[in-house]
Amino acid sequence: MEGIFYLAILLLAIAFAIVVTYVAVVLKRLSDNIKSMGKTLGEFEKELQYITPPLKETIRETGSTIDDIQEKLDATDSVFDTVDHVGTTVNSTNDFIKSNYTKLSDEEMEKKTKPFQEAIRWSEAAYKILNMVKQAKKTSKKHELMVQNKETQLVPINPSGREDR
């Protein structure tokens, strides 16, 4: 029986040695993985130090851009209020015309609205002239309709740019 006892102790010692060897191998692999992870985190930290300042600057610029956009949107509020008032005025005028002039004939209506039509035509003409003046300033070209010749007479210019005689 003594032999079995020694054999059991030998088997237990061998099993213990195998377990210890396995635990040592696992711990060695774990240690290597932790060293690799530490090295990777160190490189990542260096990259973050390189990336962080431009990222902060981009965030600041984005904030200032958003503030600028907000200011511009706030500036357009008055334009939209004006458009709203114009629309309200047009609707009120339309309601007034419908209520007061529905009994008029077409000829009477035309007589009463003729001054308004003329005012609209003249304002359109003034607007076109204003746009022509603005374009002339932008292009710096002369848009002359007439030129003065040597005899101090005004002579109309053809579209080709030559004087008529």
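Which residues gather in a patch of negative charge on the surface? In this predicted model, the residues that form such a patch are D67, E71, D74, D77, D81 and D84. One of them, D84, belongs to helix α1, and with a relative accessible area of 49% the residue D84 is partly exposed, because that class lies between the limit for buried residues, under 20%, and the limit for exposed residues, over 50%.

The chain as a whole contains two helices and two strands, and these elements follow one another along the sequence in the pattern α-α-β-β. Helix α1 spans residues 2-101. Of the 165 residues that make up the chain, 2% count as buried. The area that the chain exposes amounts to about 15600 Å², of which 63% is supplied by carbon and sulfur atoms.

A second feature of the surface is nonpolar in character, namely a patch of about 670 Å² to which V19, Y22, V23, V26, L27, L30 and I34 contribute. Among these residues, Y22 is located in helix α1, the helix in which D84 of the negative patch is also placed. The relative accessible area of Y22 is 58%, and Y22 is therefore classed as exposed, since the limit for that class is over 50%. Helix α1 thus holds a residue of the nonpolar patch, Y22, as well as a residue of the negatively charged patch, D84, with Y22 being exposed and D84 partly exposed.

Note on methods:
Residues numbered from 1 in each chain as written. Predicted model: local features only at pLDDT ≥ 70, side-chain atom pairs only at ≥ 80, totals over all residues. Heavy atoms only, no water. Patch = residues over 30% accessible without salt bridge, like charges linked within 9 Å, V, L, I, M, F, W, Y side chains within 5 Å. Areas by Shrake-Rupley, 256 points an atom, 1.4 Å probe, with all protein chains shown as cover. Salt bridge = Lys/Arg side-chain N within 4 Å of Asp/Glu carboxyl O. Helix = DSSP H or I, 4+ residues; strand = E, 2+ residues; numbered from the N terminus. Buried < 20%, exposed > 50% of the residue type's maximum accessible area, 1.4 Å probe, protein only. Lys, Arg positive; Asp, Glu negative; His and termini not counted. Charge placed at Lys NZ, Arg CZ, Asp CG, Glu CD.
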